Amino acid sequence: MAALPVYRWHLAPDGYATRRQLRTRGLRPGGQDVAAQLERPRRRRPPLVAYLYRVDLAKPVRPMTAARWAALAKANAARRICPACRRDAGYVIPTALGSCGPCAYPEGTA
């Protein structure tokens, strides 16, 4: 297996993009292997690495179907339900608290 070409940060040739860059163009890697990598040097630490994919082999992002929208709405709704009082908190409950504000900080314990 040949080694991946390595480019310095901001010096990758045209035709390559990261996953995020592909996504902003409405594309996805589509099963292709990593074509190259970017490395950003840092002092006294290993370099930051970003993997690059070929834009010409990328495929369009799959469209959201009604079922996928429904599943996403259901998952987001579940993140709003407090496990202690079973009420909709009106916001996504922080994982650090594990419950809504009134359940995490009852009035008498300040």
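Ala58 touches Leu22, Leu27, Arg28, Pro29 and Gln32, leaving aside residues up to four places away in sequence, and this set of contacts is a convenient place to enter what is a predicted model. Two of those partners, Leu22 and Leu27, belong together with Ala58 to the largest nonpolar core, whose six residues are completed by Ala17, Tyr53 and Val55. In soluble globular proteins, nonpolar side chains tend to be buried together.

From the core one can turn to the open space in the model. Rolling a probe the size of a water molecule over the atoms shows where empty space is left. The largest pocket holds about 180 Å³ of space, and its lining includes the run Trp9, His10, Leu11, Ala12 and Pro13, as well as Tyr16, Thr18, Gln21, Arg25, Leu38 and Leu52. Sorted by class, that lining has seven nonpolar residues, three polar ones and one charged one.

Several of the lining residues deserve a separate look. His10, which lines the largest pocket, sits in the loop between β1 (6–8) and β2 (16–17), and it has a positive phi of about 70° although it is not a glycine. Because its relative accessibility is 71%, above the 50% cut-off, His10 counts as exposed. Thr18, another residue of the lining, lies in the loop between β2 and α1 (19–24), but here the relative accessible area is 17%, under the 20% limit, so Thr18 is buried. Apart from residues up to four places away in sequence, Thr18 touches Ala50, Tyr51 and Leu52, and Leu52 is itself one of the residues that line the largest pocket.

Tyr16 leads from the pocket lining to the aromatic rings. A search of the whole structure finds one aromatic pair. The rings of Tyr7 and Tyr16 have their centres 6.2 Å apart and their planes at 45°, so the pair is classed as tilted, since an angle under 30 degrees would count as stacked and one over 60 as edge-to-face. Tyr7 has a relative accessibility of 23% and therefore counts as partly exposed, and Tyr16, with a relative accessible area of 23%, is partly exposed as well.

The remaining part of this walk concerns the loop between α2 (66–78) and α3 (101–104), where Ser99 is found. Arg79 lies in the loop between α2 and α3, and so does Arg86. The C-alpha atoms of Arg79 and His10, which are 69 residues apart along the chain, are separated by 38 Å. Arg79 counts as partly exposed because its relative accessibility is 48%, and, not counting residues up to four places away in sequence, it touches Tyr91, Val92 and Ile93. Arg86 has a positive phi of about 60° although it is not a glycine, and at 59% relative accessibility Arg86 counts as exposed.

Ser99, by contrast, has a relative accessibility of 10% and therefore counts as buried. Its contacts, again leaving out residues up to four places away in sequence, are Cys82, Pro83, Ala84, Ile93 and Ala104. Ile93 appears among the contacts of Ser99 and also among those of Arg79, so that a buried residue and a partly exposed one of this loop both touch Ile93.

Note on methods
Residues numbered from 1 in each chain as written. Predicted model: local features only at pLDDT ≥ 70, side-chain atom pairs only at ≥ 80, totals over all residues. Heavy atoms only, no water. 1 Å grid on protein atoms, 1.4 Å probe; cavity = no way out; pocket = protein on both sides within 12 Å on 5 of 7 lines; lining within 4 Å. Points joined across faces, edges and corners; volume = space filled by probe spheres on them. Nonpolar A, V, L, I, M, F, W, Y, C, P; charged D, E, K, R; others polar. Core = buried A, V, L, I, M, F, W, Y, C linked by side-chain atoms within 4.5 Å. Buried < 20%, exposed > 50% of the residue type's maximum accessible area, 1.4 Å probe, protein only. Contact = heavy atoms within 4.5 Å. Phe/Tyr/Trp six-rings, centres within 6.5 Å; stacked < 30°, edge-to-face > 60°. Helix = DSSP H or I, 4+ residues; strand = E, 2+ residues; numbered from the N terminus.
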